[in-house]
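Let's get to know this chain through a few questions and answers. Have a look at it first.

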Amino acid sequence: MSSSATKTKSAETALARRLDEARSHCEARGAQLTEQRREVLELLLRRAGHAKAYDIQEDMQSRHGRVAPTTVYRALDFLIDQHLVHKVDTTNSYVVCEHSHHAHPTMMLICSSCGSIQEWQAPGWFEGLKAALRADASGFTPAAIEIKGRCAACASTGG
């Protein structure tokens with residue numbers, strides 16, 4: 001087997017594992033990962049874990065013909081509710097959750113050069129932010145933070 005065939009098989013195995021984990025996660029929460037929801041998650045994973053809803057719609061249309069945008073948005077809403085996907089407001093896109101599938105505050109690092117999006121977790125960052133906001137007496141509780149900048153790859157190449 002060639003190295004590209006081995007990589008493809010390995011990628012497909014990893015994809016199948018992620019989709020099985022998502023199904024199990026939904027079942028444990030009393031929710032159903034329908035075939036349509038599963039396909040939306042699969043297409044998002046195939047797009048390096050992040051994409052706009054219309055990109056996913058185009059991918060589905062290439063497989064099935066006409067697909068309404070509401071079909072994709074409903075599936076994405078379900079995946080967000082199940083803590084499998086996050087919405088990135090800055091780029092109006094969606095990203096697969098890379099951390100354990102539970103409700104947690106998110107911090108997204110968005111590269112202004114290449115458009116990559118990375119979910120970031122650091123112990124204590126959210127608690128520190130909440131404490132600072134309490135000290136400020138704002139009463140505001142953040143749920144997500146999006147930071148624009150340059151990823152390591154773009155910073156190293158000047159991109």
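Q: How much of the chain is made of buried residues?
A: Keep in mind that this is a predicted model. A residue counts as buried when its relative accessible area is under 20%. The chain has 159 residues, and the buried share of them comes to 33%.

Q: How many helices and strands does the chain have?
A: Reading from the N terminus, the elements go α-α-β-α-α-β-β-β-β-α-β-α. Tallied up, the secondary structure comes to six helices and six strands.

Q: In what order do the three strands of the open sheet lie?
A: Strand S1 (residues 50-51) is joined to S3 by two bridges, and the two run antiparallel. Strand S2 (residues 85-88) also pairs with S3 in the antiparallel sense, over four bridges. S1 and S2 are the edge strands, each pairing on one side only. That gives the order S1-S3-S2.

Q: Which residue of S3 stands opposite Lys87?
A: A few pairs help you find your way around here. His50 stands opposite Val95 in S3, and Val85 stands opposite Val96 in S3. As for Lys87, the residue across from it in S3 is Tyr94.

Q: Which residues of strand S3 are buried on its two faces?
A: S3 covers residues 93-96, and both of its faces are covered. On one side the buried residues are Ser93 and Val95; on the other they are Tyr94 and Val96.

Q: Which residue in the turn of the S2 and S3 hairpin has a positive phi?
A: Most residues other than glycine have a negative phi, so a positive one is worth a look. The hairpin has four residues between its strands. One of the residues in that loop has a phi near 50° although it isn't a glycine, and with a relative accessible area of 43% it is partly exposed. It's Asn92.

Q: Is His83 buried or partly exposed?
A: You'll find His83 in the loop between helix H4 (69-81) and S2. Its phi is positive too, near 65°. The cut-off for buried is under 20%, and His83 has a relative accessibility of 21%, so it counts as partly exposed.

Q: What span should helix H2 have, given its 12 residues?
A: Each residue should add 1.5 Å, and the expected span is 1.5 Å times one less than the number of residues. The end C-alpha atoms of H2 are 16 Å apart, which agrees with the expected span of 16 Å.

Q: Which residues of H2 are buried?
A: H2 packs on the sheet, touching S1, S2 and S3, and its direction makes about 90° with that of S3. Just after H2 comes Ala48, with a positive phi near 60°. Within H2 itself, the buried residues are Glu39, Val40, Leu41, Glu42, Leu43, Leu44 and Leu45.

Q: At roughly what angle do the axes of helix H2 and helix H3 cross?
A: H2 takes in residues 35-46 and H3 residues 53-64, and their axes come within 10 Å. The residues making the contact include Val40 and Leu44 of H2, and Ile56 and Met60 of H3. By class, the contact has five nonpolar, two polar and five charged residues. The crossing is right-handed, and its angle is roughly 115°.

Definitions and conventions. Residues are numbered from 1 along each chain as its sequence is written. This is a predicted model: local features need pLDDT of at least 70, side-chain atom pairs count only at pLDDT 80 or more; totals for chains, interfaces and linings use all residues. Side-chain values use heavy atoms; hydrogens and water are left out. Axes are lines fitted to C-alpha atoms, for helices over the stretch in contact, and angles run from 0 to 180 degrees between N-to-C directions. A crossing is left-handed if the near helix is turned anticlockwise from the far one by less than a right angle, and right-handed if clockwise. Contact means heavy atoms within 4.5 Å. Ala, Val, Leu, Ile, Met, Phe, Trp, Tyr, Cys and Pro count as nonpolar, Asp, Glu, Lys and Arg as charged, and the others, Gly among them, as polar. Buried means under 20% relative accessible area, exposed over 50%, partly exposed in between (1.4 Å probe, protein chains only). Two strands pair if DSSP finds at least two bridges between them.
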